[in-house]
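Here are my notes on the model you sent round. Please read them with the structure open beside you.

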Amino acid sequence: MLSKKMQDALNQQINAEVSSAYLYLSMSAYCAAGNRPGSAHWMRVQWQEELSHAMKLFDYINDRGGRAVLKAVAQPPTDFKSLLDMFQQVLGHEREVSAMIHRLYEAAVKETDYPTQIVLQWFITEQVEEEKSAAEIIEQLKLIGDQGAAVIMLDRHLGMRGAGK
Ligand code: FEO
C-alpha cells in the first residue's frame, strides 16, 4: 500500500505530466500555424508520450491500492519567439520535470518504498533521453539559424519522428 504522502506526490506528478502534454500540444499548434509541419508532428508525438507518462503513474497508483486524483491543468503559453526559443523552453521544462522526478525518488528512498523506486527509475532514464533530444535540436537550430532551406530540412527530419521515440 502506498503511503498517503507518496500517493499525493505521485498525483502531483500525474498533473505535471498532463501539464507537459498540454504544453507540447500548444507548441504543436504554434508550429502548425507557422508552417512547420514536421515540428508540429514532433510536438504531437511528444504530447502522446507525456500522456503515456501520466497513465503509467495513474495505473501504478491503482496497482498499489491507491487512488489517482486528477487536478486542474493551467493554460499553456501559446506564442513563442521562434523555433529555437520554443525548443529552449522544452529543455527548460524537461529539466524542471527531471528535478521533480529526482525529488520523488528521494522521497521513495526515505520511505524505503522499493516498488515506487523501481517505477521512478524508468522515469529517471526517460528524462535523460528527453533532455538529450531537446538539447540536440537546440544545437542544430543554433548552427543553421531560424530561417532558410536548412530549417526546412530540419523540420522534415523532425516530421519523421515515430510514435514513442
Ligand atoms: Fe514526462 Fe517530458 O517528461
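The numbered points below go from the whole chain to single residues.

1. Please keep in mind throughout that this is a predicted model. Every value below is computed from it, and local features are discussed only where pLDDT is at least 70.

2. What is the chain built from, helices or strands? The protein chain has five helices and zero strands. Read from the N terminus, the order of elements is α-α-α-α-α.

3. On overall size, the radius of gyration of the protein chain is 17 Å. A compact globule of 165 residues would have a value near 15 Å, so the chain agrees with that expectation. The C-alpha atoms fill a box of roughly 55 × 25 × 25 Å along the principal axes. I would quote the box together with the radius, since a student can then picture the three dimensions of the chain.

4. How much of the chain is buried? Of the 165 residues, 43% are buried, where buried means under 20% relative accessible area. The accessible surface comes to about 9,000 Å², and carbon and sulfur atoms account for 58% of that surface.

5. Contacts across the sequence deserve a mention. Taking contacts between residues at least 6 apart in sequence, 82% join residues at least 24 apart.

6. The charges can be handled briefly. There are 17 positive and 21 negative charges in the protein chain, and the mean positions of the two sets are 2 Å apart.

7. The largest nonpolar core has 21 residues. Those that touch the most other members are Met27, Met43, Leu83, Met86, Phe87 and Val90. Each of the helices α1, α2, α3, α4 and α5 (149-158) supplies at least two residues of this core. Apart from this core lies another one, of 16 residues, including Leu10, Ile14, Ala54 and Ala108.

8. Leucine 83 is a useful residue to select on screen. With neighbours within four places in sequence left aside, leucine 83 is in contact with Tyr30, Cys31, Arg36, Ser39, Leu141, Asp146 and Val151.

9. Two loop residues have an unusual backbone angle. Most residues other than glycine have a negative phi. Asparagine 35, in contrast, has a positive phi, near 60°. Asparagine 35 sits in the loop between α1 (4-33) and α2 (37-63). Its relative accessibility is 61%, so asparagine 35 counts as exposed, the cut-off being over 50%.

10. The second of these residues is threonine 112, with a positive phi near 45°. Threonine 112 belongs to the loop between α3 (83-110) and α4 (114-144). Because its relative accessibility is 49%, threonine 112 counts as partly exposed.

11. Is asparagine 11 buried or exposed? At 2% relative accessibility, asparagine 11 counts as buried. This residue lies in helix α1. Beyond its neighbours within four places in sequence, asparagine 11 is in contact with Ile61, Arg67, Ala68, Val69 and Lys71. Asparagine 11 and alanine 54 are 43 residues apart in sequence, with 9.2 Å between their C-alpha atoms.

12. Helix α4 holds lysine 142. Lysine 142 is exposed, because its relative accessible area is 52% and exposed means over 50%. Leaving aside neighbours within four places in sequence, lysine 142 is in contact with Leu84 and Gln88. How far apart in space are lysine 142 and serine 3? From C-alpha to C-alpha the separation is 46 Å, and in sequence the two are 139 residues apart.

13. Two further residues of α4 can be checked in the same way. Lysine 132 lies in this helix and counts as partly exposed, at 44% relative accessibility. The C-alpha atoms of lysine 132 and leucine 91 are separated by 8.6 Å, although their positions lie 41 residues apart along the chain as a sequence distance. Glutamine 140 is also found in α4 and is partly exposed, with a relative accessible area of 36%. Glutamine 140 and alanine 150 are ten residues apart in sequence and 9.6 Å apart in space, C-alpha to C-alpha.

Note on methods. Residues numbered from 1 in each chain as written. Predicted model: local features only at pLDDT ≥ 70, side-chain atom pairs only at ≥ 80, totals over all residues. Heavy atoms only, no water. Helix = DSSP H or I, 4+ residues; strand = E, 2+ residues; numbered from the N terminus. Rg over C-alpha atoms; globule rule 2.2 N^0.38 Å. Buried < 20%, exposed > 50% of the residue type's maximum accessible area, 1.4 Å probe, protein only. Contact = heavy atoms within 4.5 Å. Areas by Shrake-Rupley, 256 points an atom, 1.4 Å probe, with all protein chains shown as cover. Lys, Arg positive; Asp, Glu negative; His and termini not counted. Charge placed at Lys NZ, Arg CZ, Asp CG, Glu CD. Core = buried A, V, L, I, M, F, W, Y, C linked by side-chain atoms within 4.5 Å.
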